[in-house]
Amino acid sequence: MERLVSFESHHDHDLNLKATELRLGLPGSDEPEKQTTSSVRSNKRASTEISQESNTNNSSVSDDHEDCAPPSKAQVVGWPPIRSYRKNTLQAKNKNESEVGAGIYVKVSVDGAPYLRKIDLKVYKCYPELLEALENMFKLTIGYNGSDYAPTYQDKDGDWMLVGDVPFHMFITSCKRLRIMKGSEARGLGSCV
Amino acid sequence: MESTRSLSFPDKVLHRVFTHLTSNEDRNSVSLVCKTWYNADRLSRSKVFIRNCYSVSPEILIRRFPNVRCVTLKGKPRFSDFNLVPPDWGADVHAWLVAFADKYPLLEELRLKRMVVSNASLEFLAFSFQNFKRLSLFICDGFTTDGLEAIASYCKNLTEFDIQENVVEDTSGSWLSYFSESFASLEVFNFSNLSSEVDFDALERLVSRCKSLKVLKVNRSVSLEQLQKLLVLAPQLVELCTGSFSQEFSAHQFVELESCFNNCKNIQSLSGLFDATAQYLPAIYPACANLTFLNLSYSALGSDELDELLMHCPRLQRLWVLDTVGDKGLESVGSNCPLLEELRVFPSDPFDDTIQGVTEAGLLAVSFGCPRLHYVLYFCQQLTNAAVATIVQNCPDFTHFRLCIMNPRQPDYLTNEPMDEAFGAVVKTCTKLQRLSVSGLLTDLAFEYIGKHAKNLEVLSIAFAGSSDRGMQCVMEGCPKIRKLEIRDCPFGDAALLSGLEKYESMRSLWMSSCNVTMDGCRLLAKTMPRLNVEVIKDDESDDSHADKVYVYRTVAGPRMDSPPSVFTL
């Protein structure tokens, strides 16, 4: 039989602040279960204690469609109350995402710079953000009137394109590498974003 | 007693009048007026909704209502969703089908929730009812995709095929190919539950033939490109569930997809969007103008993506999201969805409590921006009493308030007090409240409030709460309309159980698990109230005097004959 917090009924006409007290006490002293409650409240890993203390159901309920919860954490059966279908679908989704990989890393070259850099395109939400990051990275101004530099990229087909023509979300998927061009060619391209 | 003055309509006229009574509540009322009306109702009632399959037997049902065409049956207690009920517990539909095949040969609609349905039952169904039109299986189990082959093959008049959230063994997608090439009557087609790849050409031809198709919900194996082809064939769709919403698209393909959604001007409900990312979500914007229901609970969107999407959904009434949108995403909800009536926020990773998810700030923001909000289901890590009080002040019309603070017995994280005042505020302010789920650290005071104020409460779910029997007693003595009570892991014992003696016959059911109820208490209840079934589910390891799981329900059918060994009817 599980040990749950069971207060005497005559305690409970008020807020029962005693319940929220942190106390030390030996088992058998005044309401020892309160220790569990206190540690439940202060420790986020409460469910471990609850399952060890209170739930005889844990191992005995047979689960044909048990989800694959992380094995290291003992859990209360059926808590939080989420249906198996949802748990399984979300797990499949999480698995897919971790397989696909986190970022879209592309090489960035700047004409005249001795070495290349790499940036993660997924971090940026729009062109201005991306350009600002590149400007900070290489300490130069890109793309505005009078600037010596213009941003270009190589797409999936191998062609060199000017950055800024297509919607940003489309650019991210087709960009394979970036090149910040300098010189007379660049001046012609001017402000593109 | 019949009046010979005004009630001497011929029966036929009365029947005709009664066919216009569509609500079963109304029909129940008219059947009590007099014997003539009782008979008129029973002979003309064509739809029955049995909320507990063990509350009545097929024979009793058929005897009273001989002309039924549409049946809805619900089986297992709701906590079976959370693995608290043994898999062999019962709720097998087969006996019902056998009885219906004999007495309701014209059966056209069957909707099952939490029932056990075998392949043999599906085959029997397909063979027995020539006029069968609408099948809906929701949170059922016991069948595989093989059983669906029979439905596809033999139900020539099928208009609705709705398979949702069942535990299905998916052996293959070939079931879809069993629809004949001349079959064209589908109006509702939902197979999003099933994972196997279906023959896309067969699906395409099916959608193309079914000119009345209004609801199409495909599974994840259908790609974005394939979805596009289907949408071109069915621009009249009102409800759509997409498959996988991520694919390597060129700019041109994206524009085509966008234009495709642009042609779907009737879409009111959108779901699926599996693996949807910021890149492809904009394709659906053109179809969002009339959207009233948006289910994003399988797409891990962030706050920015949600914000941009919601700007295109001004008419949204119901929104389901994952907590990946965060409080910031919920602020967008508050700003963009003034007509919102229902919000559900699900946890993206329920077992990782290091994830922030959403807090009280998110729901607060929604309550400020959405005064019509009356249904909320909210999973979060922590709350405060003050926040909940403000939320219900902003939205006093809540009918369904389901709060799940995921850490059991979590107090108000600012004051460290119990969450009693939060739920006190809910029941005092929301006089229309019908359904309540409580969580967090709660003493008996919370239940005193509920008993005193929740006069319209019908369904109450309690977990890890209360201090003593008095908690449950307050509810049993105080809530006049309570119909369904589900309790787990609370310190309620025999006194609490027995305090509901007067109430259980007017309730649908009571569930108590991992509480302090004993076998003796259950036996006493069973003995005192013979028209209740008092079932105890025993776990092997507990001691004999303890009643681990108790399920009490009213019935006119007597104790059931199909209990498995672990279930004792006392």
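Okay, one bit of vocabulary before we start: two strands pair if DSSP finds at least two bridges between them. And keep in mind that what you're looking at is a predicted model.

So, chain A. Strand 3, residues 149–154, and strand 5, residues 177–182, pair in the antiparallel sense, and there are six bridges between them. If you want one spot to click on, A150(A) sits opposite M181(A) in strand 5 of chain A. Now zoom out to the sheet. Chain A has an open sheet of five strands, in the order 2-1-5-3-4, and the pairing is mixed. Which strands are at the edges? Those are strand 2 (117–120) and strand 4 (160–162) of chain A, each pairing on one side only. From one strand to the next, the twist averages 35°. Then there's helix 5 of chain A, residues 127–138, which packs on this sheet and touches strand 1 (105–110), strand 2, strand 3 and strand 5 of chain A. The direction of helix 5 makes about 150° with that of strand 2 of chain A.

On to chain B, and here we get parallel strands. Strand 2 (residues 70–74) of chain B runs parallel to strand 3 of chain B, with five bridges joining them; L73(B) has L112(B) in strand 3 as its bridge partner. Strand 3 of chain B, residues 109–113, is mostly covered, with four of its five residues buried. On to strand 4 of chain B, residues 134–138: strand 3 pairs with it in the parallel sense too, over five bridges, and K113(B) is partnered by F138(B) there. How does the chain get from strand 3 to strand 4 of chain B? It goes through helix 6 (residues 119–128) of chain B, in a right-handed β-α-β crossover. Strand 2, helix 5 (residues 94–103) and strand 3 of chain B also make a right-handed β-α-β unit.

Next, rings. Over all chains, the count comes to 32 aromatic pairs. Take Y54(B) and W89(B): ring centres 5.6 Å apart, planes at 75°, so this one is edge-to-face. The two are 35 residues apart, with Y54(B) in the loop between strand 1 (47–50) and helix 4 (58–64) of chain B, and W89(B) in the loop between strand 2 and helix 5 of chain B. Both Y54(B) and W89(B) are buried. Compare F79(B) and F82(B), where the centres are 5.9 Å apart and the planes at 55°, so that pair is tilted. F79(B) is buried at 5% relative accessibility, and F82(B) is buried at 6%. Ring pairs tie those four into a cluster with W511(B), Y551(B) and Y553(B).

Two more stops in chain B. Helix 8, residues 200–209, has several buried residues, among them F200(B), L203(B) and L206(B). The buried residues of helix 8 pack against strand 8 (188–190), strand 9 (215–217) and helix 9 (224–233) of chain B. At the start of helix 8, a side-chain oxygen of D199(B) comes within 3.0 Å of the backbone nitrogen of D201(B).

Last one: S367(B), in helix 13 (residues 360–369) of chain B. Buried or exposed? S367(B) has a relative accessible area of 2%, and the cut-off is under 20%, so it's buried. What does the side chain of S367(B) reach? One partner is the backbone oxygen of L364(B), at 2.7 Å. There's also a polar contact of 3.0 Å to the side chain of N394(B). Beyond its neighbours within four places in sequence, S367(B) is in contact with I391(B), N394(B) and C395(B).

How values were computed. Residues are numbered from 1 along each chain as its sequence is written. Chains are lettered from A and ligands numbered from 1 in the order in which they are written. This is a predicted model: local features need pLDDT of at least 70, side-chain atom pairs count only at pLDDT 80 or more; totals for chains, interfaces and linings use all residues. Side-chain values use heavy atoms; hydrogens and water are left out. Buried means under 20% relative accessible area, exposed over 50%, partly exposed in between (1.4 Å probe, protein chains only). A polar contact is a pair of N or O atoms within 3.5 Å; within protein, one must be able to donate a hydrogen and the other to accept it, and residues adjacent in sequence count only if both atoms are side-chain atoms. Contact means heavy atoms within 4.5 Å. Axes are lines fitted to C-alpha atoms, for helices over the stretch in contact, and angles run from 0 to 180 degrees between N-to-C directions. A crossover is right-handed if, with the strands pointing away from the viewer, the path from the first strand over the helix to the second runs clockwise. Rings of Phe, Tyr and Trp (its six-membered ring) pair if their centres lie within 6.5 Å; planes under 30 degrees apart count as stacked, over 60 as edge-to-face and the rest as tilted.
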